[in-house]
Amino acid sequence: MASTNTNIDSPSNNLLLITPLLTSQDTVPGAVDFNQNPAFRSNTGRWRSAAFIIGVEMSERIAYYGVSGNLINYMTEKLGQSTAMAAANVNAWNGVALIFPVLGAIIADSFLGKYYTIIGSSLLYILGLGLLTLSAMLPSLSCEKTMKHILGCSHDIQNITFFFALYLVAIGQSGHKPCVQAFGADQFDGEDPVESKAKSSFFNWWYVGLWTGSLLGIGVLSYVQDNLSWGLGFGIPSIIMVIALLIFVLGTLTYRYPEKRVGRSAFFKIGRVFFVAARNWNSVDFALDDNHKTQSVLPNHESEQFRFLNKALLGPNLSEVAEASCTTRDVEEAKSILRLFPVWATSLAFSIAFAQTSTFFTKQGVTLDRRIGSSFVIPPASLQSFLGICVVIFMPFYDCVLLPVIRKFTSKPAGISMLQRIGTGFFFAVVCMIVSAIIEKKRIETALQHGLVDLPNATVPMSICWLLPQYALFGIAEAFTMVGLQEFFYGQVPNGLRSVGLSMYLTIFGIGSLLSSFLVTLISKLTSGGGAETSWFSDNLNRGHLDYFYWLLAGLNVVGLILFMYFTRSYIYIKCKESQQCEFAVPSDLCWRMKKKASL
């Protein structure tokens with residue numbers, strides 16, 4: 001007996017007995033540290049690591065909005081472009097900057113990983129900002145003051161340098177934008193009850209950090225650009241982006257890194273599903289049998305959708321399911337991506353409206369009385385910072401005050417569902433566009449009453465504060481919709497495609513910006529039959545009709561909201577764990593319809 005007790009109590013045996021218990025309780029499933037060892041919950045991830053990443057996002061947003069916030073004024077004043085052309089160029093650049101993240105996400109999820117993709121893209125980002133500063137600083141490349149209002153007055157080399165640098169910034173952002181947020185969310189374990197709740201709050205505070213940076217970038221740097229110099233206004237973002245990279249590197253040893261999975265990337269597998277299904281297009285459509293349904297990552301109700309993808313299970317002879325073809329899990333994960341498309345498509349109207357906050361909203365402000373006191377003049381682009389102010393104020397109020405109250409009524413950890421949150425933002429966007437149209441009509445009438453219709457450079461005797469309601473309403477709309485979209489496209493995709501999921505969210509605003517550019521160009525041509533002054537987007541806004549354009553956008557957003565409600569009324573949420581097992585939350589209205597159908 002003594003011999004047995006001695007063996008049990010020996011240090012080596014105690015270590016063997018205790019170590020597995022510590023590993024199972026303290027390590028994070030599916031995560032490793034920088035040295036590729038299992039990540040311990042006590043010294044990696046959570047809010048300590050997330051704070052570094054939120055700081056990086058704040059710095060990057062200062063840099064990005066320091067460039068984009070006042071870009072339309074740089075193009076009209078320094079490059080001599082017309083209002084319509086400048087708005088189209090800004091929207092096109094924003095579109096590219098928000099579509100390219102798909103490529104960055106593919107590189108991150110399939111090759112480099114999020115960490116190294118962020119490092120590489122940040123270096124490109126810094127290079128682009130440096131060249132942008134150079135294009136604005138060199139005296140030999142500047143327009144002559146006497147020619148600055150003439151279209152195309154700048155030298156070709158200035159245009160080439162400027163646009164090359166501008167699109168290099170877009171390429172740099174393509175790797176930075178989808179990976180930083182996904183990497184931040186990876187710092188929380190979705191399977192742990194405490195960290196799962198913290199992850200939901202992370203998306204709220206992420207957006208607070210995002211708009212805090214945006215607020216500083218728009219408010220401060222637009223003043224520097226308008227009152228000091230464009231070279232300094234572009235140079236400061238370059239320095240800040242260097243600081244952002246340093247902040248990110250400082251947290252290297254504290255981060256949790258997704259464990260590298262054996263085999264091909266999830267993106268490759270899902271892409272192969274679409275390829276094989278297309279190859280087998282002429283085969284007979286079929287449903288999954290019971291054996292395959294047991295392997296499904298979707299509930300039966302959802303597994304029956306997109307049955308044409310089941311053809312990816314067939315071998316080359318199109319006669320039977322082959323082991324060499326795609327797996328059932330691959331097919332079902334491809335279906336889970338397609339399920340997101342209705343939300344993606346119905347969000348485009350919102351994104352078109354969002355594109356106006358950095359273009360026509362700013363040009364409206366140029367025409368109004370911007371004086372505060374006797375000497376200080378508000379830069380028109382800085383009014384965009386009011387969006388950030390609204391978000392920064394509203395998000396903590398929502399997270400700390402409204403959310404606990406909503407949780408008591410709904411018994412849901414998130415308070416309201418992601419789709420309900422998105423739809424609420426769509427509603428506020430409709431109200432914003434209506435208010436914007438009314439205010440613009442008031443501005444035109446004021447110009448007419450004071451005989452300023454044919455004086456485009458005259459200040460309309462109407463305070464710039466009249467624009468605050470439309471900024472405030474869109475700020476609230478963003479607080480609901482954008483956070484909801486980020487959480488939705490992160491949580492409703494397979495674990496290996498979360499960067500791609502967030503890049504899908506970004507493409508909503510990229511495509512929206514391109515659609516806005518197309519709409520502006522098309523409407524400008526259609527309404528310029530009587531000359532440029534008759535265009536809705538006339539360089540003389542007093543003769544333009546931005547109010548008509550805002551009414552059009554209000555109508556588009558009403559249609560978008562109705563379609564959104566129709567397509568998402570019975571959406572089933574998927575919660576994928578790190579173990580690749582999935583849980584499903586069925587909406588109560590769907591449960592009622594299923595019970596009713598069963599009783600008939």
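This is a short tour of the model, stop by stop, with something to select at each one.

**Before you start**

You're looking at a predicted model, where local features need pLDDT of at least 70, side-chain atom pairs count only at pLDDT 80 or more, and totals for chains, interfaces and linings use all residues. Residues are numbered from 1 along each chain as its sequence is written, and side-chain values use heavy atoms, with hydrogens and water left out.

**Stop 1: the whole thing**

Show everything as a cartoon and colour by pLDDT (the predictor's confidence in each residue, from 0 to 100). The mean is 77, and 80% of the residues reach 70 or more. Now select residues 1-24: pLDDT is below 50 there, and beyond near neighbours in sequence the stretch has six contacts in the model (a contact means heavy atoms within 4.5 Å). Residues 293-301 also stay under 50, though the model gives them 24 contacts beyond four places in sequence. Where pLDDT is low, the predicted coordinates should not be read in detail.

The secondary structure comes to 23 helices and nine strands. These are DSSP runs numbered from the N terminus, with at least four residues (H or I) for a helix and at least two (E) for a strand. For the two extremes of confidence, pick helix H22 (residues 546-567), which has the highest mean pLDDT of the elements at 93, and helix H23 (residues 588-599), which has the lowest at 36.

Switch to a surface if you like. The accessible area is about 26400 Å², with 66% of it belonging to carbon and sulfur atoms; it comes from the Shrake-Rupley method with a 1.4 Å probe, and for residues only the protein chains shown count as cover. Of the 600 residues, 54% count as buried, where buried means under 20% relative accessible area, exposed over 50%, and partly exposed in between (1.4 Å probe, protein chains only).

**Stop 2: a three-stranded sheet**

Select E1 (27-32), E2 (38-40) and E3 (257-258). They form an open sheet in the order E2-E1-E3, with antiparallel pairing; strands count as paired if DSSP finds at least two bridges between them. E2 and E3 are the edge strands, each pairing on one side only. Between E1 and E3 there are two bridges, and Ala 31 stands opposite Pro 258 in E3.

While you're here, click on Gln 36 in the loop between E1 and E2. Its phi is positive, near 65°, in a residue other than glycine. Gln 36 counts as partly exposed because its relative accessibility is 44%.

**Stop 3: two small residues in helices**

What does Gly 95 touch, not counting residues up to four places away in sequence? Show Gly 510, Ser 513 and Leu 514 to see its partners. Gly 95 sits in helix H5 (residues 83-99) and, at 0% relative accessibility, counts as buried. Draw a C-alpha to C-alpha distance to Gly 510: the two are 415 residues apart in sequence and 3.6 Å apart in space.

Next, go to Ser 121 in helix H7 (residues 114-137). Ser 121 is buried at 6% relative accessibility, and beyond four places in sequence it touches Gly 172, Gly 175 and His 176.

**Stop 4: the largest nonpolar core**

A nonpolar core here is a set of buried Ala, Val, Leu, Ile, Met, Phe, Trp, Tyr and Cys residues joined through side-chain atoms within 4.5 Å. The largest one has 140 residues, and those touching the most other members are Met 433, Phe 474, Phe 488, Phe 489, Phe 509, Phe 537 and Phe 549. Helix H20 (residues 468-491) supplies the largest share, twelve residues.

Centre on Phe 509 and, beyond four places in sequence, you'll find Leu 98, Phe 350, Ser 351, Phe 354, Met 482 and Leu 485 in contact with it.

**Stop 5: H17, E4 and E7**

Select helix H17 (residues 360-367), where seven of the eight residues are buried. Among them are Phe 360, Phe 361 and Lys 363. Then add strands E4 (residues 368-369) and E7, which run parallel and are joined by two bridges. Asp 369 stands opposite Ser 463 in E7. E7 (residues 460-463) has a covered face, Val 460 and Met 462, and an uncovered one, Pro 461 and Ser 463.

**Last stop: H19**

Finish on helix H19 (residues 418-449). Its 32 residues should span 46 Å at 1.5 Å a residue, and the end C-alpha atoms are 47 Å apart, which agrees; the expected span is 1.5 Å times one less than the number of residues. After H19 comes Gly 451, with a positive phi near 65°.
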